[in-house]
Amino acid sequence: MNQQKVHPGQDGSQPPAYTNQPPALPPGLPQANQQQWMPAVGAAAGCPSGLEYLTQIDSVIIKQQVDLIEAFVGWEQANKYQITNNQNQQIYFAAEESSMLQRQCCGPSRGFTIHITDNMNQEVLRLVRDFKMFAGCCWCATGSCNCCAHEVRIEAPIGHVIGYVRQEQSCWSPRFTIKDADHNDILKINGPCCVLSMPCCEDVFMLKNLEETSDIGKISKKPGMAELFTDANTFGANFPMNLDVKAKACVMGAVFLIDFMFFEGAGNKMMSYN
């Protein structure tokens with residue numbers, strides 16, 4: 001009899017604590033320089049605990065923090081991100097957990113777990129991509145060949161799967177499908193023909209309804225001169241205000257998958273599939 005696979009976190013284990021609060025400023029400096037957090041939001045029916053912020057917004061900005069060791073030495077570090085609303089109020093902090101060996105040897109193709117915490121330093125969302133040696137080729141990412149398609153699993157609360165983001169087969173332009181917890185398709189994402197990842201360019205991935213008859217949002221990599229020296233990128237994600245909160249969380253998961261597939265690492269600056 002086949003044993004049921006237990007995903008990380010479903011056995012009751014907890015991830016290491018991650019500090020999401022900005023460091024205290026030395027005495028004498030104006031406190032206004034500290035990161036401003038979005039005001040707390042009350043509980044909402046049917047909303048996983050900690051995701052209430054997403055019920056009040058129709059966009060997020062995900063900004064990777066610059067790591068000086070990585071920038072000057074080239075030793076790949078685990079990524080950290082600030083997640084804010086369109087008023088620059090922080091709503092979440094995200095920290096990558098991954099193998100040091102995979103970071104150095106597999107680069108952007110590495111497996112990872114992204115721990116997303118709220119302003120109380122409680123993990124409210126977890127994104128998991130398993131390492132797949134042969135994944136990434138758009139021609140091979142068929143529905144029947146899971147080993148050739150990148151996929152992110154989204155959990156909220158931790159250990160409870162609420163959806164997936166999966167790379168789909170395509171001739172050239174990248175395509176993704178957002179699925180619910182039962183693997184039913186709910187949304188589509190279509191990328192540009194050429195993903196350039198240039199400091200002066202904005203690469204846009206369109207969020208579409210299931211029938212792909214209309215655009216309902218987008219994921220975009222923002223232009224920035226910091227890319228000349230690091231692989232720290234800034235992304236924006238827009239979606240309908242009334243979109244189900246679990247689907248919004250999956251759109252956030254798609255941002256991280258797209259980042260790792262197309263924009264992470266020095267060898268990923270021109271269009272490529274990893």
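Is Lys-179 buried or exposed? Keep that in mind as you open this predicted model, and select Lys-179 to begin. Lys-179 is buried, with a relative accessible area of 11%, which falls under the 20% cut-off for that label.

**Stop one: the partner of Lys-179.** Now add Asp-185 to the selection. Asp-185 and Lys-179 form a salt bridge, and their closest N and O atoms are 2.6 Å apart. Asp-185 counts as partly exposed, at 32% relative accessibility.

**Stop two: Arg-175 and Glu-212.** Next, pick Arg-175 in strand β8 (residues 175-180). Arg-175 makes a salt bridge with Glu-212, with 2.9 Å between the closest N and O atoms. Glu-212 sits in the loop between β10 (203-208) and β11 (215-221), so this pair ties together parts that are 37 residues apart in sequence. Color by accessibility here: Arg-175 is partly exposed at 27%, and Glu-212 is partly exposed at 28%.

**Stop three: Arg-110 and Glu-96.** Move on to Arg-110, in the loop between α2 (100-105) and β4 (112-117). Arg-110 forms a salt bridge with Glu-96, and the closest N and O atoms lie 2.7 Å apart. Glu-96 belongs to strand β3 (residues 90-97), so the pair joins parts that are 14 residues apart in sequence. Arg-110 has 0% relative accessibility and counts as buried; Glu-96, at 4%, counts as buried too.

**Stop four: widen the view.** Keep Arg-110 and Glu-96 selected and add Glu-264: these three residues are linked in a network of salt bridges. If you would like to keep exploring, the model's count comes to nine salt bridges, including the pairs Asp-185 with Lys-179 and Arg-175 with Glu-212.

Key
Residues numbered from 1 in each chain as written. Predicted model: local features only at pLDDT ≥ 70, side-chain atom pairs only at ≥ 80, totals over all residues. Heavy atoms only, no water. Salt bridge = Lys/Arg side-chain N within 4 Å of Asp/Glu carboxyl O. Helix = DSSP H or I, 4+ residues; strand = E, 2+ residues; numbered from the N terminus. Buried < 20%, exposed > 50% of the residue type's maximum accessible area, 1.4 Å probe, protein only.
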